[in-house]
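Please open the structure in a viewer and keep the selection tool at hand. The tour below proceeds from one selection to the next and states what is to be found at each stop.

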Amino acid sequence: MSSIPLQTGIIYGPVKTRRLGWSLGLNVSPTRYKFCSFNCVYCQYGWTKICALDTTEKVGDFPTPAEFEKALESALRRLRDVPIDNVTFSGNGEPTIHPQFEELVAIAKRLKEKYLPKAKLGVLSNSSTVCLEKVRRALVKLDFKIMKLDVGDPETFRETNRPCSGVDYRAMVDGLKSLPNVTLQTMFIDGEISNIGEREIGEWIKRVGEIKPLKAQIYSLHRPSAASSLQEVPAEKLKEIAGRAEKATGVPVEVIVAAAPYAKRVNQPYDKQ
């Protein structure tokens with residue numbers, strides 16, 4: 001099964017998601033190729049074309065704040081009477097590596113309050129930039145922060161998430177520890193590459209206990225992945241992991257199972273939420 005197409009614009013949805021209900025997606029990454037700080041083996045958008053934190057050489061391919069504001073305000077005006085639960089930075093790559101992410105958050109917050117005051121504003125992030133001060137300033141302004149932590153040790157991190165140069169696993173964990181009101185998101189996979197071995201699960205549980213998030217959300221493959229050799233982890237295994245983690249850490253762990261047949265409210269066929 002091949003990877004799904006990239007989002008073609010700044011705004012996508014609203015889409016019915018497994019975790020966030022009806023969510024309006026904000027894609028602040030390039031639309032012609034995947035630019036991300038990770039090259040995760042399970043990514044539904046396939047392999048990362050440019051894996052980096054520095055956007056300098058490709059900054060022209062990212063939407064400007066003015067372009068972002070125009071697209072978002074147009075969408076919110078059109079959708080102001082549509083029930084939307086959340087407005088979410090997500091999209092084709094890691095949203096927080098946008099060089100003006102803090103400004104984009106301020107724009108989104110202002111427009112959301114004007115047009116959709118009952119909706120929440122948040123992010124789905126791979127956590128690679130959580131130790132950067134300018135990113136942290138933006139993150140604390142959001143209503144929710146769903147931050148990735150797929151593994152509990154640097155070795156499995158390199159194998160599973162394949163980060164770019166400059167991403168340090170320990171710094172990432174320390175950043176998550178000091179960021180308030182975090183929800184961890186974890187993808188468990190099996191097959192040629194796996195993070196469900198006894199050691200891997202044990203180390204992940206230790207990091208959950210160390211970070212002490214509001215909660216953790218764990219799930220497995222429900223869509224195509226970059227590496228074709230991967231296998232979905234059964235729901236019963238996920239429930240076992242959740243039970244062990246809750247007992248060891250006291251952190252609530254939610255198992256996210258496959259959604260009902262995909263639902264959408266506009267012609268945007270995919271989401272990663």
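Begin by selecting N181, which is placed in the loop between α5 and β8 (182-187). The model shown here is a predicted one. The phi angle of N181 is near 55 degrees, a positive value in a residue other than glycine. Most residues other than glycine have a negative phi.

Next, select R162, in the loop between α4 (154-160) and α5. Its phi is near 45 degrees, again a positive value in a residue that is not glycine. Is R162 buried, exposed or partly exposed? With a relative accessibility of 35%, R162 counts as partly exposed, because that class lies between the limits of 20% for buried and 50% for exposed.

For a peculiarity of the backbone, select G13 and P14. The peptide bond that runs from G13 to P14 is cis, and its omega is near 10 degrees. P14 itself belongs to strand β1 (residues 11-17). Most peptide bonds are trans.

**Aromatic rings**

Now display the side chains of the aromatic residues. Six aromatic pairs are present in the structure. Select F35 and F62: the ring centres are 5.2 Å apart and the planes stand at 75 degrees, so this pair is edge-to-face. An angle over 60 degrees is what places a pair in that class. F35 is part of strand β3 (residues 35-36), while F62 lies in the loop between β4 (50-51) and α1 (65-79), so the pair ties together parts that are 27 residues apart in sequence. Both F35 and F62 are buried.

Then select F68 and F89. Here the centres are 5.9 Å apart and the planes lie at 20 degrees, so the pair is stacked. This pair links distant parts of the chain, with F68 in helix α1 and F89 in strand β5 (residues 86-90), 21 residues apart. F68 has a relative accessible area of 0% and is buried; F89, with a relative accessible area of 0%, is buried as well.

Two further stops involve rings. Select F38, F157 and Y169, which ring pairs link into a cluster. Then select R19 and Y219: the charged end of R19 sits over the ring of Y219, at 4.9 Å from the ring centre.

**Helix against helix**

Switch to a cartoon view and select α1 together with helix α2 (residues 101-115). Their axes come within 10 Å and cross at roughly 20 degrees. α1 and α2 are therefore roughly parallel to each other, since the angle is under 35 degrees. Their crossing is right-handed. Among the residues that make the contact are P65, F68, L72 and L76 of α1 and L104, I107, A108 and L111 of α2. F68 may be recognised from the stacked pair with F89.

Move on to helix α5 (residues 169-178) and helix α6 (residues 198-211), whose axes come within 8 Å and cross at roughly 40 degrees. α5 and α6 are therefore oblique to each other. The contact is formed by Y169, R170, V173, D174, L176 and K177 of α5 with R207, E210 and I211 of α6.

Which residues does R207 touch, apart from those up to four places away in sequence? Select R207, in helix α6, and the residues L149, G152, Y169, R170 and V173 appear as its contacts beyond that range. At 13% relative accessibility, R207 counts as buried.

Remain with α6 and add helix α7 (residues 235-249). These two helices pack at an angle of about 45 degrees, with axes 10 Å apart. α6 and α7 are therefore oblique to each other, and their crossing is right-handed. On the α6 side, E198, I201, W204, I205, V208 and G209 meet K237, I241, R244, A245, A248 and T249 of α7.

**A last stop in a loop**

Finally, select S225, which is found in the loop between β10 (215-219) and β11 (230-232). S225 is buried, with a relative accessible area of 13%. Not counting residues up to four places away in sequence, S225 touches V41, Y42, C43 and L230. Add I4 to the selection: S225 and I4 are 221 residues apart in sequence, yet 8.8 Å separates them in space from C-alpha to C-alpha.

How values were computed
Residues numbered from 1 in each chain as written. Predicted model: local features only at pLDDT ≥ 70, side-chain atom pairs only at ≥ 80, totals over all residues. Heavy atoms only, no water. Phe/Tyr/Trp six-rings, centres within 6.5 Å; stacked < 30°, edge-to-face > 60°. Helix = DSSP H or I, 4+ residues; strand = E, 2+ residues; numbered from the N terminus. Buried < 20%, exposed > 50% of the residue type's maximum accessible area, 1.4 Å probe, protein only. Lys NZ or Arg CZ within 6 Å of the ring centre and 35° of its normal. Axes fitted to C-alpha atoms, helices over the stretch in contact; angles between N-to-C directions. Parallel < 35°, antiparallel > 145°, perpendicular 65-115°, else oblique. Left-handed = near helix turned anticlockwise from the far one by under 90°. Contact = heavy atoms within 4.5 Å.
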